[in-house]
Each structure stands twice: as structure tokens, then as C-alpha cells.
Amino acid sequence: MFYTEDCFSLSQNIGHIENGDSYFVLSFNSRPAVKGNLSVFCVLDGISTQRDKYSSQLAARLISKKLITLFEDIQKLSILPQQEAMLYIYSMMKQAILSADARLCEEASLCGTTVSVLVLFDGCVYTANVGDSPIFAVDTKAKTITDLYTDHSKIAAIIRRGELSEKQALRHPEKSCITKAVGGRKALCETDISTKSFKIYDDCILLIGSDGALRVFESKKILKLCNKNKNNMKQLCERLFECVKKHKATDDFTVIAVRIKEI
């Protein structure tokens, strides 16, 4: 069985009066253990003007309130076959995101936010996202980094067509232009929410963050930092923040780092 051995989150504003990012962590580690312990991690990056900076905070409250239902249903989840448990978790994540989108669309003063959610249950990671806030799985032994999200941005589409490299994209003037958001001008439908699943392994490191934390430099730099700080998630977050500041980034910074261990 897998569990969260170490987890640390860091959120800082860089060059702004207030932080437009939000995040939350929900965790349930049963004793005695049921089929699988349950944890939820979420990062939201407000697409904000000064007036609209609270969109991510409102969305975070709405989504976390909805996802608490997963913890209330932990016994139900523990007896479901893996495929059914996966479908139920995806259903709850999508409902949470769509309910937040509906509320934000009603709020004329709020612009919108990205949302990236990761649920860890029974040895698997399930993700749902809208926008460009990254989710990565890092294997420090194999020295690989895996995307666990779909990047809904103009730049990502250009990269997929092979017209830009990752390094070139980091300097592109439209690198922060996203194509989907929670609370945008057009209400989301279920197919707008991207989902992925991933089988975790011992000593896997999961990173969930805003683009101001995880899209400032190439992924090989993130992998190097994880290798150097793999035994301390607090230290990893702090070193990542130091590197972002050295790059003279001006966006808000939020990251959650999680190290997984197998019993």
C-alpha cells in the first residue's frame, strides 16, 4: 500500500500586491487502513486583474467543499473495483469543477481561474485540470518527469505541432495565454475538463503548481532540483522558489510537493 510520506506546500506573491493563486490539501489516512488512503491536492491560478484577484479563492472553497464527499464515501470507494472507483473519482472532480465554473460565471466581477486537481487513492493518481497549471510525476531513480495534465494554452498547441521547442516557448510573449478557464466568458462543459491516471511507485515525487512555479524553466531543471532534494519536500519547494526568483519571474508562485512511499 502507498501513502504520503512527506508533503509541503509553498505559495508566495512575486511582484504583485496580493497573491492570485490558491491551493488546498485534503488527506485521510485510516487506522486501520482501508483499501487505500485518500489524498486530494489542488492548485488554482487566478486569471486576475486587481479587481478579479479573488476568483481562485472562491473556486478553491467551492471545489474543496464538493470533494470532501470523497472522504465521506471512503468505505464505499474501498470496496469498489478499481475501474468503478476511478470513474467515481473522475465524476466527483468534474462535478466540483463545473459547480465552481457555474458560480464564477454568475459573478460579473470575477474573471476566472485555472484549476488542477490530483486525487491519490489505492496506488493510483487521478487528475483533472482546466488551464495550464502543471502536474508532474518525477522518478528520481530513472530520472524522468511525466506530465499528468493537459496544457490548455496557445503555446502548448504550437509545441504539439512541432513549431516551438520547450525552451523557445518559455520566452514566447504569449506563453501565459490559456484557451480554457474556470469562470471564463463561456460556461464549461464536461468535455472541457482533461483527465489522466497514473500508477504510482515507491519514492515517486508529485508536483502540483501554478505556471509561475513550474513553467519558468525547462522540465529538466525541475528534474535536477527533485534529484538534489528528493528526501525533503520543504527543501525542494524552497529551492524551487529560489530558482524562480533568480530567473526574475514576476508571476505568483504556488507549488505542492508530495513524496510517495510504499509500505
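**Exercise 1. Classify Tyr126 and Tyr90 by burial, and determine the geometry of their ring pair.**

Solution. Tyr126 has a relative accessible area of 3% and is therefore buried, where buried means under 20% relative accessible area, exposed over 50% and partly exposed in between, computed with a 1.4 Å probe on protein chains only. The structure is a predicted model in which local features need pLDDT of at least 70 and side-chain atom pairs count only at pLDDT 80 or more, while totals for chains, interfaces and linings use all residues. Residues are numbered from 1 along each chain as its sequence is written, and side-chain values use heavy atoms, with hydrogens and water left out.

The next step concerns the partner: Tyr90, at 10% relative accessibility, also counts as buried. For the ring geometry, rings of Phe, Tyr and Trp (its six-membered ring) pair if their centres lie within 6.5 Å, and planes under 30 degrees apart count as stacked, over 60 as edge-to-face and the rest as tilted. A search of the whole structure finds four aromatic pairs. In the pair of Tyr90 and Tyr126 the ring centres are 5.7 Å apart and the planes stand at 85°, so the pair is edge-to-face. This pair links distant parts of the chain, since Tyr90 belongs to helix H3 and Tyr126 to strand E5, 36 residues apart; helices (H or I, at least four residues) and strands (E, at least two) are DSSP runs, numbered from the N terminus.

**Exercise 2. Work out the strand order of the sheet that contains E5, and identify the helices that pack on it.**

Solution. Two strands pair if DSSP finds at least two bridges between them. Five strands form an open sheet in the order E2-E3-E4-E5-E8, with antiparallel pairing. E2 and strand E8 (194-199) stand at the edges with a single partner strand each, so one side of each is left without a neighbour in the sheet. Neighbouring strands of this sheet are turned against each other by 10° on average, direction ignored.

Within the sheet, E3 and E4 pair in the antiparallel sense over nine bridges, and the bridge partner of Ser39 is Leu120 in E4. H1 packs on the sheet, touching E2, E3 and E4, and its direction makes about 15° with that of E2; contact means heavy atoms within 4.5 Å, and axes are lines fitted to C-alpha atoms, for helices over the stretch in contact, with angles running from 0 to 180 degrees between N-to-C directions. H3 also packs on the sheet, where it touches E4, strand E5 (124-130) and E8, and its direction makes about 25° with that of E5.

**Exercise 3. Check the length of helix H1 against expectation, and list what covers its buried residues.**

Solution. The expected span of a helix is 1.5 Å times one less than its number of residues. The 18 residues of H1 (residues 55-72) should therefore span 26 Å, and the end C-alpha atoms are 27 Å apart, which agrees. Among the buried residues of H1 are Leu58, Ile63, Leu67, Leu70 and Phe71. The cover over the buried residues of H1 includes strand E2 (21-28), strand E3 (38-46), helix H2 (74-79), helix H3 (82-106) and strand E4 (113-121).

**Exercise 4. Describe the sheet that contains E9, and follow Leu206 and Leu207 into the nonpolar core.**

Solution. An open sheet of five strands has the order E1-E10-E9-E6-E7, with antiparallel pairing. Its edge strands are strand E1 (2-12) and strand E7 (144-147), each of which pairs on one side only, and the twist averages 20° from one strand to the next. Strand E9 (residues 205-209) and strand E10 (residues 253-262) pair in the antiparallel sense over five bridges, with Ala257 in E10 as the bridge partner of Leu207. H8 lies across E1, E9 and E10, running at about 150° to E10.

A nonpolar core is a set of buried Ala, Val, Leu, Ile, Met, Phe, Trp, Tyr and Cys residues joined through side-chain atoms within 4.5 Å. Of the 43 residues in the largest nonpolar core, Leu206, Leu207 and Phe253 touch the most other members, and helix H8 (residues 233-246) gives the most to this core, with seven residues. Leaving aside neighbours within four places in sequence, Leu206 is in contact with residues including Leu118, Phe136, Leu148 and Ile260. A second, separate core of 38 residues includes Leu44, Leu80, Leu104 and Ile193.
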